Amino acid sequence: MSDSHVRLSVLFESPFWIALYEREAGGNYEVCKITFGAEPKDYEVYDFFLRNFNRLVFSPPLEAGKTAEGKANPKRMQRQIKRAAEERGIGTKAQQALKLQQEQNKTERKIRAREEKEAEAQRRFALKQQKRREKRKGR
């Protein structure tokens with residue numbers, strides 16, 4: 001049986017408010033970054049997720065770290081909760097996942113641009129050849 005963990009963090013990343021939706025399931029860690037304009041209210045975030053959850057684009061899965069099973073010391077648990085509640089920005093694992101997603105989008109965009117450029121060059125060449133043929137026929 002695999003555990004699933006989900007975390008939603010809403011934070012300010014100048015100049016916009018963003019939401020980080022992190023999910024960990026089956027040993028994989030994925031993150032999705034959603035950009036809001038002004039500071040969203042709780043009900044606006046909830047409504048956004050209800051309407052758009054199936055359209056969220058997650059980063060490629062990263063290998064999740066192992067979590068220790070067993071009872072935790074209550075004081076340690078309080079410290080961990082306090083640390084998680086502090087405003088610290090994007091976590092490093094989330095940054096890595098977002099960076100990986102950004103790099104993949106970049107390579108896809110480069111491939112698409114190269115294909116469009118080659119198609120345009122082929123089109124121009126064909127047009128040039130057609131003009132040469134017509135000129136040769138005396139038209």
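Helices and strands are taken here as DSSP runs, with at least four residues for a helix and at least two for a strand, numbered from the N terminus. The structure is a predicted model.

**Exercise 1. Describe the order of helices and strands in the protein chain.**

Step 1. Count the elements: the protein chain has three helices and four strands.

Step 2. Place them along the sequence. The pattern reads β-β-β-α-β-α-α.

Step 3. Put residue numbers to some of the elements. Strand S1 covers residues 4–13 and strand S2 covers residues 16–25. Helix H1 spans 42–52, with a loop between H1 and S4. Strand S4 is made of residues 62–63, and helix H3 of residues 92–137.

**Exercise 2. State the confidence of the prediction for the chain and for its elements.**

Step 1. Take the chain as a whole: its mean pLDDT is 84, and 90% of its residues reach 70 or more.

Step 2. Compare the elements. H3 has the highest mean pLDDT, at 90, and strand S4 the lowest, at 79.

Step 3. Keep a caution in mind: predicted coordinates should not be read in detail where pLDDT is low.

**Exercise 3. Find the salt bridge of Glu22 and say which parts of the chain it links.**

Step 1. Start from the total, which is five salt bridges in the whole structure.

Step 2. Identify the partner. The side chain of Glu22 pairs with that of Arg7, at 3.1 Å from N to O.

Step 3. Locate both residues. Glu22 lies in strand S2 and Arg7 in strand S1, 15 residues apart, and the pair links distant parts of the chain.

Step 4. Sort the two by accessibility, with buried meaning under 20% relative accessible area. Glu22, at 8%, is buried. Arg7, at 48%, is partly exposed.

**Exercise 4. Treat the salt bridge between Arg23 and Glu30 in the same manner.**

Step 1. Give the distance: N to O, the side chains of Arg23 and Glu30 meet at 2.7 Å.

Step 2. Assign the accessibility. Glu30 is buried because its relative accessible area is 18%, whereas Arg23 counts as partly exposed at 29%.

**Exercise 5. Work out how Arg123 and Glu120 are placed in helix H3.**

Step 1. Note the contact. Arg123 and Glu120 form a salt bridge, with their closest N and O atoms 2.7 Å apart.

Step 2. Use the spacing: the two residues are three apart in helix H3, so about one helical turn separates Arg123 from Glu120.

Step 3. Check the accessibility. Arg123 is partly exposed at 46%, and Glu120 is partly exposed at 30%.

Step 4. Extend the view to Arg124, which is linked with Glu120 and Arg123 in a network of salt bridges.

**Exercise 6. Which residues gather in a patch of positive charge on the surface?**

Step 1. List the members: Lys99, Lys106, Arg109, Lys110, Arg112 and Arg114.

Step 2. Examine one of them. Lys106 is found in helix H3.

Step 3. Test Lys106 against the cut-off for a patch, which is over 30% relative accessible area. Lys106 has 44% and counts as partly exposed.

**Exercise 7. Locate Pro61 and give its distance from Val31.**

Step 1. Find the element: Pro61 sits in the loop between helix H1 and S4.

Step 2. Read the distance. Pro61 and Val31 are 30 residues apart along the chain, and 8.3 Å separates their C-alpha atoms.

Step 3. Add the accessibility of Pro61, which is partly exposed at 48%. For the chain as a whole, 21% of the 139 residues count as buried.

Technical notes
Residues numbered from 1 in each chain as written. Predicted model: local features only at pLDDT ≥ 70, side-chain atom pairs only at ≥ 80, totals over all residues. Heavy atoms only, no water. Patch = residues over 30% accessible without salt bridge, like charges linked within 9 Å, V, L, I, M, F, W, Y side chains within 5 Å. Areas by Shrake-Rupley, 256 points an atom, 1.4 Å probe, with all protein chains shown as cover. Salt bridge = Lys/Arg side-chain N within 4 Å of Asp/Glu carboxyl O. Lys, Arg positive; Asp, Glu negative; His and termini not counted. Charge placed at Lys NZ, Arg CZ, Asp CG, Glu CD. Buried < 20%, exposed > 50% of the residue type's maximum accessible area, 1.4 Å probe, protein only. pLDDT = per-residue confidence, 0-100.
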